[in-house]
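This report describes the pockets, cores and selected residues of one protein model. The structure is shown first, and the description follows.

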Amino acid sequence: MSCLYCFSTTQTHAACTITGDTTQTYIYNAANINSTASITFSGKLTCYSSTITSPRTSKYICAKAIFTGQTTTNSSKTLNYTISNISIGGLTRASPVTNTWYGPSTTVATNSVLDYSITVAVPAQTGTLIVNPKGTYAGTVQLYMDMQQNSKTTCEGDSGGGWDSGNTLFTFNYVIPSFCQFNSTNDVNFGKITDIGTTKTNYDANGAVLTTCNSGTPYSVYLGNGNNYSSNMRRMVNGSNYLPYQLYKESSRTNIWDATGGTTTTGGPGGISLTGTGASQTTPVYGRIPQGITLPPPGDYVDTVVVTVTY
């Protein structure tokens, strides 16, 4: 071939680029452990055509997300998640299905730059997330975008491509720290005392403290001295009259269960130290009105003891 002033061109395709975070972390705490946990990635997407250096768009846009709906495993446990929303260049889809193209929509851009957002959500799981071991649960979602110039009814999808398409991998982490919660108590009820003057025998009764801590978490349960403590004894009250009693760690009623050593650290000598299993744990409380106590006038005697769980 011969020509006068002949030249040739080679078309190049620059990848669409994003501006925005592609990795985010959500940290659970006592305030949000029972709430929906959402992470939103957002930013701007810019595409270039051939050798042109300014951003360009095509008339219509399609998008899809690929995700598993389940995080990585941590000690055999996972977190389930959804993609609650994708929005890119005027296309919006709530609750998308994985690997499904949505659109076409008319492309919306500012100065040929597309806005995008994608939201990952772990649904609220009241009272259940705490059973998961502490640690990091990770996941990814791949967002694909494909603009097209001609079809406004059908996405070109995987057969598309070119300068006006691209994909980005987003990585998210959900962090569950050590968690404990106090569930409830079973009261220590001594029932009726039929002795006159003084107790002729020990009056024993059992209660319980119910707690839940995530697997492997060390924690301690402490009992306060009650509202009427005096002379190394807890006391129940009725009006101005008192009935002494004590709470113990074991059925032999040898070691008093209290807050000795303080309640701000685990392992204090007055408490009971345990390790979380991820399930509710019941710790017995052993009460005693000892033999030889001078009995106050008849009536109903009560006391309130504060339970502290430290982890």
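## Largest pocket

The lining of the largest pocket is made up of 33 residues, and those nearest its centre are V188, F190, M236, Y301 and V302. The model is a predicted one. The space in this pocket comes to about 860 Å³. Two or more lining residues come from each of β11 (180–186), β12 (203–213), β15 and β17 (280–289). Among the elements, β15 gives the most to the lining, with 3 residues.

By residue class, the lining of the largest pocket consists of 21 nonpolar, 7 polar and 5 charged residues. M236, one of the residues nearest the pocket centre, is also listed in a nonpolar core of 22 residues that is described below.

## Largest cavity

The structure has 1 cavity of 30 Å³ or more. The largest cavity holds about 60 Å³ of space. Its lining consists of I18, L45, I88, Y116, L143, Y144, M145, G166, N167, T168 and F170. Of these residues, 8 are nonpolar and 3 are polar, with no charged residue in the lining.

Two strands, β9 (135–148) and β10 (165–176), each contribute at least two residues to the cavity lining. The most comes from β10, which gives 4 residues.

## Nonpolar cores

In soluble globular proteins, nonpolar side chains tend to be buried together. The largest nonpolar core in this model has 38 residues, and the members that touch the most others are Y28, I118, V141, M145 and Y174. At least two residues of this core come from each of β3 (37–46), β4 (60–66), β5 (82–88), β8 (113–122), β9 and β10. Another core lies apart from the largest one; it has 22 residues, including C213, M236, I272 and V307.

Two of the highly connected members can be followed further. With neighbours within four places in sequence left aside, Y28 contacts I33, A37, L79, V122, L129, Y174, V175, I176, P177 and F179. Y174, one of these contacts, is itself listed among the core members that touch the most others. M145 belongs to that group as well, and M145 also lines the largest cavity.

## S165 at strand β10

S165 is located in strand β10. Is S165 buried or exposed? Its relative accessibility is 17%, so S165 counts as buried. A polar atom of the S165 side chain is 3.0 Å from the backbone oxygen of G162.

Beyond four places in sequence, the contacts of S165 are C16, M145 and D146. Of these, M145 is also part of the cavity lining.

## R253 in a loop

R253 is placed in the loop between β15 (241–248) and β16 (272–275). The relative accessible area of R253 is 11%, so this arginine is buried. Its phi is near 55°, which is a positive value in a residue other than glycine.

Which backbone oxygen atoms does the side chain of R253 approach? A polar atom of the side chain lies 3.1 Å from the backbone oxygen of S251, and the side chain also reaches the backbone oxygen of G287 at 3.1 Å. Not counting residues up to four places away in sequence, R253 touches D204, A205, N206, Y248, Y286, G287 and R288. G287 thus appears both as a residue touched by R253 and as the owner of one of the oxygen atoms reached by the R253 side chain.

## Backbone features around β7

G103 and P104 are joined by a cis peptide bond with omega about -5°. P104 is part of strand β7, residues 102–106.

N111 is found in the loop between β7 and β8. Its phi, near 55°, is positive in a residue other than glycine. N111 has a relative accessible area of 69%, so N111 is exposed. R253 also has a phi near 55°, but R253 is buried.

## G299 and K192

G299 lies in the loop between β17 and β18 (307–310). With 46% relative accessibility, G299 counts as partly exposed. The C-alpha atoms of G299 and K192 are 9.7 Å apart in space, while the two residues are 107 residues apart in sequence.

Methods. Residues numbered from 1 in each chain as written. Predicted model: local features only at pLDDT ≥ 70, side-chain atom pairs only at ≥ 80, totals over all residues. Heavy atoms only, no water. 1 Å grid on protein atoms, 1.4 Å probe; cavity = no way out; pocket = protein on both sides within 12 Å on 5 of 7 lines; lining within 4 Å. Points joined across faces, edges and corners; volume = space filled by probe spheres on them. Nonpolar A, V, L, I, M, F, W, Y, C, P; charged D, E, K, R; others polar. Buried < 20%, exposed > 50% of the residue type's maximum accessible area, 1.4 Å probe, protein only. Polar contact = N/O pair within 3.5 Å; in protein donor to acceptor, adjacent residues only side chain to side chain. Contact = heavy atoms within 4.5 Å. Core = buried A, V, L, I, M, F, W, Y, C linked by side-chain atoms within 4.5 Å.
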